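Reader: Hello! I am new to this structure and would enjoy a close look at one part of it, followed by a walk outward to the rest. Please take me through it step by step.

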Amino acid sequence: MKTHKSNQDWLSLLLLIAITTSIDPTHSQTTTTYVPAENILLNCGAPSDAQYFIGGRAWDGDIGSNYSGIQNTISATLSNQNSSIPTVPYMTARIFQTQFTYTFNVTSGRKFIRLYFYPSNYTNPNFNASNSSFTVSVGSYILLRNFSALLTTQAMNRDYMTKEFSINILSNTLNLTFAPSSAKENAFAFVNGIEIVSTPQIFGDSDTFNQPLIVGTTSTLTIDKHTALETVVRLNVGGQSVSPVVDSGLYREWDDDSPYIYRADVGVTYLKDPNVTIKYSDTIPEYIAPPLVYGTARSMGPNTSANLNYNLTWIATIDAGFYYLVRLHFCEIDYSVTEINMRVFDVFINNMTAKTSFDVIAYSGGIDVPVYLDFIVFFPNTSASSQQDLWVALHPNIASKPGGYDAELNGLEIFKLNDSTGNLYAPNLSNQQTVDTGKKKRIRHFLFLVIGVCGPILVILLLAFITLRHWRQRHKLILQSSVSSLSSRSNQSRVFSFSEIKTATKHFSESLVIGVGGFGKVYRGEIDGGSTCVAVKRGNRLSGQGAHEFRTEIEILSKLRHRHLVSLANWALHCKRNNTIDQIIDPNLKDDVSPDSLEKFVETAEKCLIGQGIERPSMGDVLWNLEVALQMQSNIEKGESRFDPISISNSQALLSSIVSCEDSVFSELRSSKGR
């Protein structure tokens, strides 16, 4: 979904054109490699005897137009004109009190259909925007259903918006239908502007369809001439916004990527040499993305040691219940990186590995040569939340031993794909479902990411460490099926029914998701009337790790028994001003700890906290290291330790130093526990 800020006017568009042209003097605003067969701009509700030129493009009024009769429709104007809103196409509207169809005679092929909405109060006669609720369809594709432009723009903190769709028209007629909702009294439909632009087969050739991999599986999904798409985001990574008039023939708008970057880890941005042109080819023609996109980039930065400690990440809000096409654009424009294996990185989408050891130079064949990668990701629909976060992350690949640890990206596009019935619509946003790209959203994502990546391993490590405090006690680790009890000290194994698990997790509510692992999601739940908190891992059939591997992990953990392993009960995280985790070790304990054992435990914990999943140890390695640590502790009990033991109180500082936290993150954690 593309949106426009309320304080933007068309004067700034001309300024943007001047800025972007100066970045790359070899490509003027009129340079295109594709000339669309259709380039229709309809200013709805305006007379057709006058043209309105914006950015060198002419908008025609629909009164008396050739696209269809407009009987039983109303041509409306704004009751109060806001100077911050562009005049065209937002100062007039076409209002429909009954179903109406615009008919466009076009050539067959794929089209971008852009609908412009400014929900306001209109006159001639009076119409209140709060009553607008309608469905929009093109042939058998339902683009919007019970759609309220007013609620949507309010939720997104915008005054007006554009919805962009890509549909392959198989005949010579494009029928665009608006129908007021039957579920709302006095409902009406409206539209301010309609744009139709022909496009080449940018999502897959008409004969050899695009079949990108579904991330987390070994399956692919076919994108063919029957696939309809809706644009979610289109970003010029590392550069300024690119206006439609300087796009490469398709009149797309490429937004600045900075509002979508996770946390403050923005990396560095850079431009290509203005004397060098992007080397397009028949495989990657210019209409895939303009030079202004491939000519800017964002990388992690020159500090390679720091780059190993974070991911370069972008976040976008999407509707649940759909497949999404994620397209990443790359072009190596840094002339310090000219050979293979100088910059190699991994691509992660939603905590799943999408591409490993990706080398732009090796993949494209040289510097200044553009390439792109397509991936598919699925978001299951739940009753708890209609919206989720889709995140794309890059991290240096260590195994390749590249010349430097870095990653880079030039452009990012995310598209929603129609479901099996041809629908693209999702429930309306409400005032309570605001799109938050600020601090709260980033903190929440950071919390879910940390728990999702480290949660299962940290639980086991914490269990092992607590045994170093209580090795004189004998307890059993209770891990039955996919439920891990974190607060029960009972030695009695307990079997949970599936209905109990559903009740504990409120039917696997998305609001209770605390992480996403290789097998599926992990939910926070409550049992025994809310007195006991549990973590529930649920296997996902779309996971790259199948049912056999999931069962193997459960069997290993359920069979694990050791006199030093106890069930975890009532541990807490307390984030102090010095950003270290406290209260992990019971201050009342006075026993000694083997330095060998503690060092082995800390070493294992550090490995499990590595940001890149493939670099973390396997479950078998973790269990082996814990067994070694426990054996070292046993040696001190037998008097066989080669080193003097250290007190538990003195070892606390060493353990605390391996994990840091942010006050705001754990404030969010504490508040989420209250919810």
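Author: Let us start with Asn-105, which is exposed in this predicted model. Its relative accessible area is 65%, and because exposed means over 50%, Asn-105 falls into that class. To find the residue, look along strand β7, which covers residues 100-105. Asn-105 is the residue with which that range ends. If you set aside neighbours within four places in sequence, Asn-105 is in contact with Asn-172 and Thr-173. Another asparagine gives you a distance to check on the screen: Asn-66 is 39 residues away along the chain, and its C-alpha atom is 9.4 Å from that of Asn-105.

Now compare another asparagine, Asn-307. This residue counts as buried, with a relative accessibility of 2%. The cut-off for buried is under 20%, so the value for Asn-307 meets it. Asn-307 sits in helix α5, made up of residues 304-307. A polar atom of the Asn-307 side chain lies 2.8 Å from the backbone oxygen of Tyr-405. Tyr-405 also appears among the contacts of Asn-307 beyond four places in sequence, together with Met-300, Gly-301, His-395, Pro-396 and Asp-406.

Between these two classes there is a middle one, and Ile-514 is an example: it is partly exposed, at 22% relative accessible area. You will find Ile-514 in strand β31, residues 513-516. The C-alpha atoms of Ile-514 and Ala-535 are 8.5 Å apart, with their positions 21 residues apart in sequence.

Next come the charged side chains. Side chains of opposite charge can pair when their charged atoms come close. The model has 17 salt bridges, and three of them are worth a visit here.

One joins Arg-57 to Glu-195, with 3.0 Å between the closest N and O atoms. Arg-57 belongs to strand β4 (residues 57-63) and Glu-195 to strand β15 (residues 193-198), so this pair ties together parts 138 residues apart in sequence. Both ends of the bridge are buried: Arg-57 has a relative accessible area of 10%, and Glu-195 has a relative accessibility of 1%.

A second bridge brings together the side chains of Glu-164 and Arg-234, at 2.8 Å from N to O. Glu-164 is in strand β12 (residues 160-169) while Arg-234 is in strand β17 (residues 229-236), so here the pair links parts that are 70 residues apart in sequence. Glu-164 and Arg-234 are both buried.

The third bridge connects Arg-263 with Asp-265, whose closest N and O atoms are 2.7 Å apart. Arg-263 is partly exposed, with a relative accessible area of 26%. Asp-265, at 19%, counts as buried, because the limit for that class is under 20%. Some salt bridges share partners, and in this way Arg-57, Arg-114, Glu-164, Glu-195, Arg-234 and Glu-413 are joined into one network. The pairs Arg-57 with Glu-195 and Glu-164 with Arg-234 therefore belong to that one network.

Cysteines are a different matter. The count of disulfides is zero. Two cysteines you can look up are Cys-44, buried with a relative accessible area of 0%, and Cys-331, which also counts as buried at 0%.

One position comes with a note from a database. An unreviewed UniProt entry places the feature "binding site" at Lys-537. In the model, Lys-537 is part of strand β33, residues 532-539. Lys-537 counts as buried, at 16% relative accessibility.

Finally, step back to the whole chain. Its secondary structure comes to 13 helices and 37 strands. The chain has 675 residues, of which 53% count as buried; Asn-307 is one of the buried residues, whereas Asn-105, where we began, is exposed. Among contacts with a separation of 6 or more, 77% are between residues 24 or more positions apart. The chain exposes about 29500 Å², and carbon and sulfur atoms supply 49% of that area.

Note on methods. Residues numbered from 1 in each chain as written. Predicted model: local features only at pLDDT ≥ 70, side-chain atom pairs only at ≥ 80, totals over all residues. Heavy atoms only, no water. Salt bridge = Lys/Arg side-chain N within 4 Å of Asp/Glu carboxyl O. Helix = DSSP H or I, 4+ residues; strand = E, 2+ residues; numbered from the N terminus. Buried < 20%, exposed > 50% of the residue type's maximum accessible area, 1.4 Å probe, protein only. Polar contact = N/O pair within 3.5 Å; in protein donor to acceptor, adjacent residues only side chain to side chain. Contact = heavy atoms within 4.5 Å. Areas by Shrake-Rupley, 256 points an atom, 1.4 Å probe, with all protein chains shown as cover. UniProt positions renumbered as here; feature names shortened; annotations may be inferred. Disulfide = S-S within 2.5 Å.
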